[in-house]
Amino acid sequence: MDHYRLGLLGYGTVGQGVVELLARTQDECAARAGRPLAVTRIAVGDPTRPRSLPDGCAPRIDGDPLALCHDPDIDLVVELVGGVERPREWIRAALEAGKDVVTANKAVLATHGEELFTVAREHGKLLLFEASVAAAIPILQVLQQGLPAGPIDRLTGILNGTSNRILGRLEQGMSFADALAEAQADGFAESDPTLDLSGWDAGHKLALLTRLVVGTSVSLDQIRVEGIERIEPIDLAFGERHHWKLKSLAELRRTEGGVSLGVGPAWIDAESELATVHDEYNAVLLESETFGTLVLQGKGAGGLPTAGSVVADILRAARGEGSTPAVAGEPVEICDPGLDSARHYVRFRAKDRPGVLARIAGALAEEDVSIASVEQPEATDPDRVPVHLVTHPVPTITLDAALSRLGPNGILSEEPLRIRIADTNVLRVKGPTPCPA
Ligand code: HSE
């Protein structure tokens, strides 16, 4: 029987995991695909570097990704390089050359998804991307095929394993730099880890989920994205005293006219659904009037969990199954979640001088921000005394306006850090929420 011939673009952690998994489970894969599979060609940045390959796997290895995309002896192109513009060109070329494509690249699809999905549909080809969101969790399958009809009102996700791992390590008192180095050494971080830390890796994933949940395309500038770069162990210690866990949440809220979309650190109650999602695990909490609440949890980063998801797409493609997203529906109104009211935590580092607290309180009062509690532990460094403050509910943008009134003024030793306190009681099905004015 003819082999189903695979061409890989990239042979990094995930590429090696794919080749290893296919070799280790070749009989099972052949049974599920309906024919044997073979990796026959790999394009890499430096073809002269020695690569380890399983016994019996002897693909041609060269440095020409476009030639691979046009190779008539390849049935399926698997893109595992990352980045945006070069993969856009390769995926397009492969689809136009009549090949199905599997990718784990959320950045290219969040940026150029409509163009590439359109090319795939025009050529009657598959463009599958399960591994691009939450690695081992088959969330795209669930959204595309596994749920009853009926709108999902809310989606709340932990979608970046690196951030989640780092926040957990900070909770244990590890420094940010050490926690990041560990996540990189374990193969969880993107090649450019600023995408993980800035929230944009999760932002790309949220854009792809929104495409499936709402059926419309959103541009990345419509998502409020905030990172974890400025979080410190001192913040986590404060949260622990209040029975809160810090998570970087990706949130889709269906509103009356559209959706609100945001990614960023938020405190959640230590007893709430997502509080026990640790390390590189991801989770997606779906809420709907139709089916109630559904939580999916699994490894969200790492070579093998991601490779497993890529292999699942390869098998679907080999059987001619799986679906490229349908034509995007009409655009919907996108609201800024920063308009929503919530309690917030703010951490200042201030000079230990008379009047400092009064200045902070005054700036907040100017924007009508009400303080619920203040804590200022005694510190050894009089130039960097921490002040932790919790507000009554206020829109994030109003709080930001108040904090910007403090500006560079000689009383603060660094910019304040603010974190929203998510109302985890809101994580219950209540139907669409109004879009704030
Ligand atoms: N770097 C990503 C994460 C894994 O840490 O979640 C791939 O999406």
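## Cavity, pocket and ligand site

The structure holds 1 cavity of 30 Å³ or more. The model is a predicted one, and this report goes from that cavity to the largest pocket and then to the ligand.

The largest cavity has a volume of about 70 Å³. Its lining is made up of L128, F129, E130, L140, Q141, Q144, D313, R316, G322 and S323. Two elements, α6 (139–146) and α12, give two or more residues each to this lining. The most comes from α6, which supplies 3 residues. By class, the lining of the largest cavity divides into 3 nonpolar, 4 polar and 3 charged residues.

The largest pocket contains about 1100 Å³ of space. It is lined by 50 residues, and L80, V81, G82, E190 and S191 are the closest to its centre. Several helices give two or more residues to the lining: α1 (13–24), α4 (85–96), α5 (106–122), α7, α9 (194–197), α10 and α12 (303–318). The helix α12 thus appears in the lining of the largest pocket and also in that of the largest cavity. The pocket lining has 19 nonpolar, 21 polar and 10 charged residues.

Where is the ligand in relation to the largest pocket? The space that the ligand takes is the largest pocket. Around the ligand there are 13 residues, and the closest are K106, G161, T162, E190 and D196. E190 is also among the residues closest to the centre of the largest pocket. Sorted by class, the shell around the ligand has 4 nonpolar, 4 polar and 5 charged residues. Two helices, α7 (161–171) and α10 (200–213), each supply at least two residues of this shell.

Three residues have an N or O atom that pairs with a nitrogen atom of the ligand, as listed here.

| Residue | Part of the residue | Distance to a ligand nitrogen atom |
|---|---|---|
| F188 | backbone N or O atom | 2.8 Å |
| E190 | side-chain N or O atom | 2.7 Å |
| D196 | side-chain N or O atom | 2.8 Å |

The protein covers 92% of the 260 Å² of accessible area that the ligand has on its own. For F188 the pair with the ligand involves the backbone, whereas E190 uses its side chain, and so does D196. Both E190 and D196 are listed with the closest residues around the ligand.

Note on methods
Residues are numbered from 1 along each chain as its sequence is written. This is a predicted model: local features need pLDDT of at least 70, side-chain atom pairs count only at pLDDT 80 or more; totals for chains, interfaces and linings use all residues. Side-chain values use heavy atoms; hydrogens and water are left out. A residue is near a molecule or strand if one of its heavy atoms lies within 4 Å of it. A polar contact is a pair of N or O atoms within 3.5 Å; within protein, one must be able to donate a hydrogen and the other to accept it, and residues adjacent in sequence count only if both atoms are side-chain atoms. Accessible areas come from the Shrake-Rupley method with a 1.4 Å probe; for residues, only the protein chains shown count as cover. On a 1 Å grid over the protein atoms alone, a cavity is a set of points where a 1.4 Å probe fits but cannot get out, and a pocket is an open set with protein on both sides within 12 Å along at least five of seven lines; lining residues have an atom within 4 Å of a point. A molecule sits in a cavity or pocket if more than half of its atoms lie within 2 Å of its grid points. Helices (H or I, at least four residues) and strands (E, at least two) are DSSP runs, numbered from the N terminus. Ala, Val, Leu, Ile, Met, Phe, Trp, Tyr, Cys and Pro count as nonpolar, Asp, Glu, Lys and Arg as charged, and the others, Gly among them, as polar. Grid points are joined across faces, edges and corners, and a volume is the space filled by probe spheres set on the points.
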